[in-house]
Amino acid sequence: MKSLIRSLVVTLSVVPLLTGGMAYAEAERGKASYYADSLHGNKTASGEPYDKNSMTAAHRTLEFGTLVTVTYPKTGKSVEVRINDRGPHVKSRIIDLSGAAAAKIGLIDDGVGEVTIDIAD
């Protein structure tokens with residue numbers, strides 16, 4: 001029994017290393033929004049200040065530093081952002097983008113929009 005448990009622990013420890021960490025099998029789809037300008041300079045969950053001009057985002061579970069490509073099908077535009085905060089705090093949304101990232105994909109006027117998120121290569 002100890003041997004079986006030891007093998008299981010080793011296997012579960014090695015798999016994330018071989019796959020580059022825990023990854024999503026497919027794109028995540030859902031609603032995105034963006035930070036209010038008034039939050040510029042506030043501390044994010046990672047400890048760095050929020051910069052409305054940077055290409056960053058908040059996600060509930062992805063590791064800080066993870067690069068993701070966010071695509072807004074309505075405009076056909078994509079942006080690569082780095083996860084540096086936790087959120088969104090609105091349950092119906094999957095990601096909060098910085099102001100600059102939202103502008104790049106054309107989300108500013110809509111405020112909220114359906115997007116896909118893929119881990120960047």
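These are my notebook entries on the core, the β5 pairings and one buried asparagine.

**Setup.** I am working with a predicted model, where local features need pLDDT of at least 70, side-chain atom pairs count only at pLDDT 80 or more, and totals for chains, interfaces and linings use all residues. Residues are numbered from 1 along each chain as its sequence is written, and side-chain values use heavy atoms, with hydrogens and water left out.

**Core.** I looked up the largest nonpolar core (buried Ala, Val, Leu, Ile, Met, Phe, Trp, Tyr and Cys residues joined through side-chain atoms within 4.5 Å) and found 18 residues in it. Val68, Val70, Val81, Ile95, Leu97 and Val115 have the most contacts inside this core. Two or more residues come from each of β3 (67-72), β4 (77-85), β5 (93-97), α2 (99-105) and β6 (113-119). Here helices (H or I, at least four residues) and strands (E, at least two) are DSSP runs, numbered from the N terminus.

**Val81.** Next I listed its contacts (heavy atoms within 4.5 Å), leaving aside neighbours within four places in sequence; among them are Met55, Val68, Val70, Leu97 and Ala101.

**Strand β5.** Four of the five residues in β5 are buried (under 20% relative accessible area; exposed is over 50%, partly exposed in between; 1.4 Å probe, protein chains only). I then checked pairing, which takes at least two DSSP bridges between two strands. β1 (residues 28-34) runs parallel to β5 with four bridges, and Lys31 stands opposite Arg93. β2 (residues 56-58) runs antiparallel to β5 with two bridges, and Ala58 faces Asp96 as its opposite.

**Asn84.** This residue lies in β4, and it counts as buried because its relative accessibility is 2%. Beyond four places in sequence, Asn84 is in contact with Thr44, Ala45, Ser46, Glu48, Thr56, Ala57 and Phe64.
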